[in-house]
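Welcome, and thanks for taking a look at this one with us. Please open the structure alongside these notes and follow the points in whatever order suits you.

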Number of protein chains: 2
Amino acid sequence: MVKKFGGTSLGSVERINAVADRVLEDIQQGQKPILVCSAMSGETNRLVALAQEIYPYYYDKAYDMLLASGEQVSISLLSMALERRGISARPLLAYQLGIKTDAIYSKARIESVDKEKLLSIVNKGEVPVVAGFQGVSGSEITTLGRGGSDTTAVALAASINADFCEIYTDVPAVCTADPRLVKNVSEIPKLCFEEMMEMASLGSKVLHYRSVELAAKFGVKIHLRSSFEKREGTLIVPEGEVLENPVVSSVTHEANTAVVKIFPIPDGQGILGQLFALLAEKGIVVDIITQSQNEEGQRLAFSILENDLPATEALLSTFLESKNQMTILKNMAKISTVGVGMKNHPGVAARFFKVLNDLSVPIHLVTTSEIKISAVIDTKNLEASANGLHKEFDLENE
Amino acid sequence: MVKKFGGTSLGSVERINAVADRVLEDIQQGQKPILVCSAMSGETNRLVALAQEIYPYYYDKAYDMLLASGEQVSISLLSMALERRGISARPLLAYQLGIKTDAIYSKARIESVDKEKLLSIVNKGEVPVVAGFQGVSGSEITTLGRGGSDTTAVALAASINADFCEIYTDVPAVCTADPRLVKNVSEIPKLCFEEMMEMASLGSKVLHYRSVELAAKFGVKIHLRSSFEKREGTLIVPEGEVLENPVVSSVTHEANTAVVKIFPIPDGQGILGQLFALLAEKGIVVDIITQSQNEEGQRLAFSILENDLPATEALLSTFLESKNQMTILKNMAKISTVGVGMKNHPGVAARFFKVLNDLSVPIHLVTTSEIKISAVIDTKNLEASANGLHKEFDLENE
C-alpha cells in the first residue's frame, strides 16, 4: 500500500512521530507500506525565497537540486522515527529508486520507476520511505512542480499495479465547497477521476491535477484522508464505481483571477496565435478565452491568475499600438460547479445562471464542458454566489 | 585550483553573492576554479538538533542523508549566483562526482574520486561546485564527520595532482594562539603539515585533522585564507619548505576537558583493555592516559571531553565495585605548545613547566611528543598560562 504524507503531516518532530506511530500500527495489522513524503511544511517556501533572492526566475538544474533537498530532510527524519520504533526503514531519493523523468526542470514528468528495486526492498521486510516531488534525468535531479509528491505516490502505486494509493493530508476529505467560504459543506465520500481533475484545475487545492490524471490512466484509486484522524475520507475512483451521481458534486472557486479585454484587436494573419505564444513564453497561463466579431471589429477577452497581471500588462503594452485597446478587470473570481451527473441532467446551466441572476451578479466570462460550468464574477460577489449555488444543487450537510 | 568555502563564507544570500563575485574575478584572471562548499552556517546544527529530537545517537544511513542536505542547498545557491553572473556552473553531489567512501556512516573516509569526470567538466569550461562533507558508498549517501568539507577539498586537489588547495574561512590566517584568550597574537605565514595536524588534534578549530593528514600524504599544500579579505593567509606545506622554524609555533588549547582518576584499579587480566574498549564503544574519546603502580596498587588517570562525562560516569559506576574508586576533576583545560623546532631545541619542556610553576598553576596530567607538550590544568588558570607561554616563546606580535 502506497501512503503519501503531505508537508503539514510532517511539519514538526511531533507530527513526524505521529506518522511513525500510525505506520507502526499499520504494519502490526499486516500491511506492507510504501511511504512517500513531501517536504516539511514551510520548507519549500523557504528554499524558493532563497532562490528568488539569488536569481529570480531561474529554473534549471541548480534550482531543482535546491528544492529537492526539502524531501531529503523529511524522508531522513521519518526513517529515523521508524527505526526508533524498531521498523527497518529505507530512505530513498529519486536517483536511488530510479524515478526517471524528462529533463524539463521544475516541471518534469515521470517516465519510469524501478519497480523491481521497490519490490525487492518491500520483500526484504523494509519500509521504503520515498522522496516525493523529485526525479532524475540522466544523473541530474529534477522536480515535478508544486504538489508533485502526490504524483510520485500515484506513479509508485501504478508501477506495482496497486489498486489503491492513500494520500494523507490536513483535511479529512474532499468537500462540496471550501468551508472557509461556504456554510454547511458536506464531505464527499466518492468522486470519479474526471470530477476530481476538473476540480483540481478549477482551483481546488486538495490534489494535484497530474496525480489524478495519472491515477485515471492507470486505474489507481486514490483514498484521500486526514493524517490526524482515523476515519475514511474521499475515494477517487473510475466513473463506473460511483453508483449514484449527484447532478453537481461540488462548487469550486479560484479567487485570484483577472480578466483582460482587448478591442480592437490589431489586424494581421495569426495575430492571436502570436499573442498567446508570447504569453506562454512568459509562463502566463491563460484560462478562459472568448472571442467575437461584429461590424465594429474583433473583440477578445481572457482570464489569467491575478499574480500574472503585471507581466501580462507589460507584454501587452509593447504588443498593442495603444493602451486604449486594453481593458483590465481586477478583483475577479472564477466560480464553477462540477459533476459527472451533469452529462445526464439537462438544465444545470439554466439553474446556474438563474442563481447568479437572482443575486444580481454580473458575469464577465463563461466556459462550460460536459461536466462543469465556470463563470468569472467580481470577487465581492463570490461568497453569496458560492453559497447560492451550493444550496441550489442540494450540497448542504443536513 | 580547488577552493573550499566554509559555512560562514556562505552563511547568507549576501555572502554567497560575495563569493560568486570573487570567483568571477578569479575566472577573469584566467583561473579554472573547482569549488567545494560547506553547508550554510547554522544549517548543520539545525539538522543535528532535529535528528537528536527524533532519535538520539542514531548514526546510520538516514542520519547521513539528512546532514548531506545542507551542502546540497549551499552548492545549489552558489551555482545559481554564478549562473546569474554568466558563469556556467555545475552543482555536483557526491554520487554525481563519484566521491566514494567506506560505509562507516557519519565518519566515512574517502576512497576515490572520479577524476576524469571532474576534469571533463573543467575542460568544458564549466565551474564544478562540489558538495563537501558527503560521499557515497554503493548507492547510499555517507558523511565525513565535522569539518569534512576540508577533506573533500584536499581529496579533489590530490585526485587531480594539484599543488595547492585554497581553504576560505572566517579568519584571515592561523594564529599563534586563540585571540579570544591571548593578547597580541601573530598570524603564522607558514606552518608544516605535522604542526597543523598537532594543532588540529589539540583543539585548534581552524582545519580538520583528516584534511591536513590527507594533504601531507599527497603533498597538497593548503592555503588557508579569509573569504572577506584578499590578502594571503597561512600556507601549510611540507616541513622542508619552512625555512626558519621558530622553536614553538603556537599555543593551543581545549577548554572542554575533564579528568577521571581511578584507584585502586580492579584486579584482573586485561582489565584496562576492557575499560578502554567499553569507552570506545560509547564513542568516548580518551585523550591523555597515565598509569602508575606502587605498593598501594595500580593508579590510572585519563582525560576526556567534558561533554562525555555523564556517559563516562554511568559506564564506570557499573564497571567499578565502588564509587569511591573514582575521582572526577571537572572544569579542566588542556594547554599545549606545538612546533617542529622543538625537535632541535632541547629545553622547551623545562621552559614550559617553569612558566606554569611561576604562575603557581597545578598540573593534573602531562603528555609530550617530538613536536608538542600538553598539560591539563584548571580552566581558571587557562588564560594566565596561555598568555605566559605565548610570551615565553616569543610569539607576540610586535
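What follows is a short tour of the contact between the chains, the nonpolar core, the domains and one strand.

Please keep in mind that this is a predicted model. Chains A and B superpose through a rotation of 179°, and the copies meet through the same surface. Within chain A, strand β13 is a good place to pause, as it is largely enclosed by the rest of the structure.

**How the two chains are related**

- Chain A is superposed on chain B by a rotation of 179° with 0.1 Å of shift along its axis, and the RMSD is 0.1 Å.
- That is the relation of a two-fold axis.
- If you would like to find the axis from chain A, look for A:Ser69: its C-alpha is the nearest to the axis in that chain, 2.7 Å away.

**Where the chains touch**

- Chain A brings 28 residues to the contact, and chain B brings 28 residues.
- On the side of chain A that touches chain B, at least two residues each come from α1 (13-28), α2 (43-54), α3 (61-84), β3 (89-92) and α4 (94-97).
- Helix α3(A) gives the most to this side, with 15 residues.
- By character, the residues on this side of chain A are 18 nonpolar, six polar and four charged.
- Of the interface residues of chain A, 100% are also interface residues in chain B, so the copies meet through the same surface.

**The nonpolar core**

- The largest nonpolar core holds 227 residues, and A:Leu78 and B:Leu78 touch the most other members.
- Leaving aside residues up to four places away in sequence, B:Leu78 touches B:Leu10, B:Ile16, B:Val19, B:Ala20, B:Leu35, B:Cys37 and B:Val129.

**Domains of chain A**

- Chain A is divided into domain 1, covering 2-170, and domain 2, covering 252-392.
- Taken over C-alpha atoms, the centres of these two domains of chain A are separated by 36 Å.

**Strand β13 of chain A and its partners**

- Strand β13(A) spans residues 250-262, and 10 of its 13 residues are buried, so the strand is largely enclosed by the rest of the structure.
- One partner is β16(A), residues 326-338, which pairs with β13(A) in the antiparallel sense over 10 bridges.
- Across that pairing, A:His253 stands opposite A:Ile335 of β16(A).
- Another partner is β15(A), residues 297-305, where the antiparallel pairing with β13(A) runs over six bridges.
- Here A:Ile262 has A:Leu300 of β15(A) as its bridge partner.

How values were computed: Residues numbered from 1 in each chain as written. Chains lettered and ligands numbered in written order. Predicted model: local features only at pLDDT ≥ 70, side-chain atom pairs only at ≥ 80, totals over all residues. Buried ≥ 20, exposed ≤ 12 C-beta atoms within 10 Å, placed from the backbone. Helix = DSSP H or I, 4+ residues; strand = E, 2+ residues; numbered from the N terminus. Pairing = 2+ DSSP bridges. Core = buried A, V, L, I, M, F, W, Y, C linked by C-beta atoms within 7 Å. Contact = placed C-beta atoms within 7 Å. Nonpolar A, V, L, I, M, F, W, Y, C, P; charged D, E, K, R; others polar. Least-squares fit on C-alpha atoms with pLDDT ≥ 70 in both. Domains from an automatic or database assignment.
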